[in-house]
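Visitor: Could you pick one part and walk me through it slowly? I'd like the charged pairs, the packing around them and whatever sits next door.

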Amino acid sequence: MLIEQEKNISQHTSSRNTGKVHAPFLYDPEKKKTFAKAASLGYDLWEKYSDHKGLPFKRDGVLEVALDEKGINRLYTYLKWGDENGIAKSDLLLLDKNEVARMEPNVRCASAIYCSRDASVNYGALSLALMQDIQSFGCKLLLGHKAERISYSQGDYTITTNQGTEVNADYLVNAAGGNSMDIAHMIGIAETYTDLHFRGEYWQAPLQYHDITKLSIYSVPKHSEYPFLDPHWIVRADGRREVGPNAVPVFGPYAYTWRKNLADMLPKIVESSRTSARKVVFDRQFLSLAGSELKSSLSKTAMINRVREFLPQIRPSAFTQRGTAGIRSSVIDKAGKFVPDTLVLERDSSMHVLNYNSPGATGALPMAAKIAAKMMEGGLLQAASKHRSLWDATTIAEKMKTQSAAVF
């Protein structure tokens, strides 16, 4: 059974994202091993699934631009990571500024990487298609029920929801996104970790700018050790162009509005004061960067001007409509450091997927196959008959070749 707190699935991060199928050249193969491997396998799986369902899979590529010498050095690191993460050399090209100008005449930069193995999709629509599939396989859905209490006794879990419903299970998979840390803490797991939340905001580009580029344009982040992204120029699967996201610190995983953010503020401050998160939130550089992100939230001009560094033709005054905001939840370890990779923790007949943020959507199918294969090994699931499956979970899990984090 799948328990979902909303009245439908895919109401949060699964739909509130850039819709990109990311090639893993941006991810350190040592520090982000699981993310990188899942993203590497995810491209082909999403392409096959999109074709099977008749949903858009736009093979459009991406430019990662460097604006200065420091950024160019980073591009060389990305080339190395891309090679180590399995991207073909023909799919990842280093361009000088003149080659960039020939490819995208309106882009200004010192150098760039062009990656052809990058695509645009609608993850919300893909998630709904997956929901229909799991129902056809016999999975039951309990929608509009939020897990509020979980007890464990003699090998069985009892999950009590906000509707008063009790669900019994002999195995629990916690893949609850922004709520996953809270659920893990309910049953005494991952207690040395905490989470911080960041709202990513977007501005929709007016029609007059829709022909300014063919490709999405990303820029090398100035502070890669923090989850603060320099906003991108995004070309979506449906043709919309957007600027975003920033990364504004907020107090909860669903703080899309300032009212909701204020409601979450006191509980999160109390929690953070008791955990290692206080080492982050009182760090001087973090506070400075957080202030800059807040400025980009309050000032449209501050946000758009970041993208004008490589697309100088756009003007903030032309942007009049905000896009859809999404929230990323990042995990902090006991030393007060951001955890770079996803955590898959197992204990007491339960599995917890924590810190699963970008490029999480890209790697979602390989991660699901990894979890399913693990459960099949334990006799908790049976493999679907071959004519009903587009892929073999055991084979994909073997390709992942990553071990669950052992912290207990």
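Guide: Here is a walk through one helix, its partners and a few spots further along the chain.

First, the fine print. This is a predicted model, where local features need pLDDT of at least 70, side-chain atom pairs count only at pLDDT 80 or more, and totals for chains, interfaces and linings use all residues. Residues are numbered from 1 along each chain as its sequence is written, and side-chain values use heavy atoms, with hydrogens and water left out.

Let's start at helix α9, residues 300-308. Helices (H or I, at least four residues) and strands (E, at least two) are DSSP runs, numbered from the N terminus. The buried residues of α9 are Ala 302, Met 303, Ile 304, Arg 306 and Val 307; buried means under 20% relative accessible area, exposed is over 50%, and partly exposed falls in between (1.4 Å probe, protein chains only). Their cover includes the strands β14 (203-204), β16 (232-235) and β17, along with helix α8, where contact means heavy atoms within 4.5 Å.

Arg 306 is the charged name in that buried list, and it has a partner. Its side chain makes a salt bridge with Glu 293, with the closest N and O atoms 3.1 Å apart. A salt bridge here is a side-chain nitrogen of Lys or Arg within 4 Å of a carboxyl oxygen of Asp or Glu. The pair links distant parts of the chain, since Arg 306 sits in α9 and Glu 293 in α8, 13 residues apart. Both ends are tucked away: Arg 306 counts as buried because its relative accessibility is 16%, and Glu 293 is buried too, because its value is just 5%.

Staying with α8 (residues 284-298), we also find Leu 294 there. Leu 294 is partly exposed because its relative accessible area is 34%. Together with Trp 258 and Leu 298, Leu 294 makes a nonpolar surface patch of about 310 Å² accessible area. Patches take residues with over 30% relative accessible area and no salt bridge, joining like charges within 9 Å and nonpolar side chains (Val, Leu, Ile, Met, Phe, Trp, Tyr) within 5 Å; the areas come from the Shrake-Rupley method with a 1.4 Å probe, and for residues only the protein chains shown count as cover.

Now back to the charges just past α9. Glu 309 and Lys 222 meet in another salt bridge, at 3.8 Å from N to O. Glu 309 is in the loop between α9 and β19 (321-322) and Lys 222 is in the loop between β15 (216-219) and β16, so this bridge ties together parts 87 residues apart in sequence. Glu 309 is partly exposed because its relative accessibility is 42%, and Lys 222 gets the same label because its value is 48%. The count of salt bridges comes to 17. Side chains of opposite charge can pair when their charged atoms come close.

Some of the bridging is shared around: Arg 236, Asp 238, Arg 240 and Glu 242 are linked in a salt-bridge network. And β17, one of the elements covering α9, leads us to a backbone oddity. Gly 244 and Pro 245 are joined by a cis peptide bond, omega about -5°, with Pro 245 in the loop between β17 (241-244) and β18 (248-250). A cis peptide bond also joins Ser 358 and Pro 359, with omega about 5°; Pro 359 lies in the loop between β22 (350-354) and α10 (364-377).

On the other side of β22, Ser 349 is in the loop between β21 (343-346) and that strand. Phi of Ser 349 is near 55°, positive in a residue other than glycine, and Ser 349 is partly exposed because its relative accessible area is 31%. Asp 348 forms a salt bridge with Arg 347, the closest N and O atoms being 3.5 Å apart. Asp 348 counts as partly exposed because its relative accessible area is 38%, as does Arg 347 because its own is 28%.

So what's the thread to keep? Around α9, Arg 306 bridges to Glu 293, while Glu 309 pairs with Lys 222.
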